[in-house]
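Subject: Structure handover

Hello,

Here is the structure you are taking over, with the sequence alongside. Please open both before reading on, as the notes below follow the chain by name and number.

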Amino acid sequence: MKPADLPCSTHPLVTLRPLERSDAPAWYAYLADPVVVEHTSWYLHSIDDLQANFADYASAQPASSMRLAVVLREGGQLVGTIGLNAISRQHRTAEIAYDLSPVVWGQGVATSIVQSMLDWGFQRLGLLRIQATVLESNARSLRVLERCAFEREGYLRCYRQIRGRSGNFWLYARLAGIP
């Protein structure tokens, strides 16, 4: 994807760009922090566990996932990622996913980049529905989705394995045309 085809961040602290393999060390550095992954389904043993994701993100297949780097405007340091998974052109749906380094927590970055991805997904990709699944204990992410006008649709019991145990998730969705 060319930069002109990507969503744009309006947040004064960060911008978005394609995620590159060279971002793996910085990405892994914050994903290795137990505080960051405590309320997520990430389960990494080493930086090598991230490598398989890059092949999917680089794929030109219509249903492949896409992921962008969230970088500081000043200096370009990777401080997060955001993307769409389970993209269905046929059904015009996708699932949003994001993660951020604690360096930018509490500064409105998550809400801003989620809104940028929503706008882009609805306008540029023509999606009708963007959903999110959030581990029930992830209060910060639940607040981000609610600020971005996602609606809670259901409770998914034992939905994913989280570091060896079953995790319950909330299902949220935002539909095109809903302000």
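Two strands count as paired here if DSSP finds at least two bridges between them. By that rule β1 and β2 are paired, since five bridges join them in the antiparallel sense. Please keep in mind that this is a predicted model.

The sheet

The strands form an open sheet of seven, in the order β1-β2-β3-β4-β5-β7-β6, and the pairing is mixed. At the edges stand β1 and β6 (151-162), each with a single partner strand, so one side of each has no neighbour in the sheet. From one strand to the next the twist averages 30°. Strands of a sheet pair through backbone hydrogen bonds, and the pairing can be parallel or antiparallel.

At one edge, β6 and β7 (residues 165-175) run antiparallel and are joined by eight bridges. In that pair, R160 stands opposite G167 in β7.

Strand β2

What lies on either side of β2 in the sheet order? The order places β2 between β1 and β3. On the β1 side, R17 stands opposite A69 of β2. On the β3 side, A69 stands opposite T81. The strands β2 and β3 run antiparallel, with six bridges between them. Their hairpin has five residues between the strands, and G75 there takes a positive phi near 95°.

Is β2 mostly covered or mostly open? It is mostly covered, as seven of its seven residues are buried. In a regular strand the side chains alternate between the two faces of the sheet. In β2, M66, L68, V70 and L72 are on one side, R67, A69 and V71 are on the other, and all of these are buried.

The cores

In soluble globular proteins, nonpolar side chains tend to be buried together. The largest nonpolar core in this model has 34 residues. Those with the most contacts inside it are V70, I82, L84, I96, V114 and F150. The elements giving two or more residues to this core are β1 (14-18), β2 (66-72), β3 (78-88), β4 (93-100), α4 (109-123), β5 (129-135) and α5 (139-147). The largest share, eight residues, comes from α4.

V70 is a useful residue to click on. Leaving aside residues up to four places away in sequence, V70 touches V14, T15, L16, Q77, L78, V79, G80, T81, I82, L100, V109 and I113. Apart from the largest core lies another one, of 15 residues, with L19, V36, A69 and L78 among them.

Two helices

An α-helix has 3.6 residues a turn, so residues three or four places apart point the same way. In α1 (residues 24-31), the buried residues are A24, W27, Y30 and L31. Seen down the axis of α1, they fall within an arc of 140°, so they line one face of the helix. What covers them includes α2 (34-37), α3 (48-58), β2, β3 and β4.

Which residues of α5 are buried? They are S141, L142, V144 and L145. Around the axis they cover an arc of only 155°, which puts them on the same side of α5. These buried residues pack against β4, α4, β5, β6 and β7. Just after α5, A149 takes a positive phi of about 65°.

Salt bridges

How many salt bridges are there? The count comes to six. Three of them are described here.

The side chains of R124 and D5 meet in one, at 2.6 Å from N to O. R124 lies in the loop between α4 and β5, and D5 in the segment before β1, so the pair ties together parts that are 119 residues apart in sequence.

D99 forms another with R67, the closest N and O atoms being 2.7 Å apart. D99 belongs to strand β4 and R67 to strand β2, so this pair ties together parts that are 32 residues apart in sequence. Both D99 and R67 are buried.

R17, the residue opposite A69, forms a salt bridge with D23, and their closest N and O atoms are 2.7 Å apart. Buried means under 20% relative accessible area. R17 has 21% relative accessibility and therefore counts as partly exposed. D23 has 6%, so D23 counts as buried.

Regards

Technical notes: Residues are numbered from 1 along each chain as its sequence is written. This is a predicted model: local features need pLDDT of at least 70, side-chain atom pairs count only at pLDDT 80 or more; totals for chains, interfaces and linings use all residues. Side-chain values use heavy atoms; hydrogens and water are left out. A nonpolar core is a set of buried Ala, Val, Leu, Ile, Met, Phe, Trp, Tyr and Cys residues joined through side-chain atoms within 4.5 Å. Buried means under 20% relative accessible area, exposed over 50%, partly exposed in between (1.4 Å probe, protein chains only). Helices (H or I, at least four residues) and strands (E, at least two) are DSSP runs, numbered from the N terminus. Contact means heavy atoms within 4.5 Å. A salt bridge is a side-chain nitrogen of Lys or Arg within 4 Å of a carboxyl oxygen of Asp or Glu. Axes are lines fitted to C-alpha atoms, for helices over the stretch in contact, and angles run from 0 to 180 degrees between N-to-C directions. The arc is that of the directions from the helix axis to the C-beta atoms.
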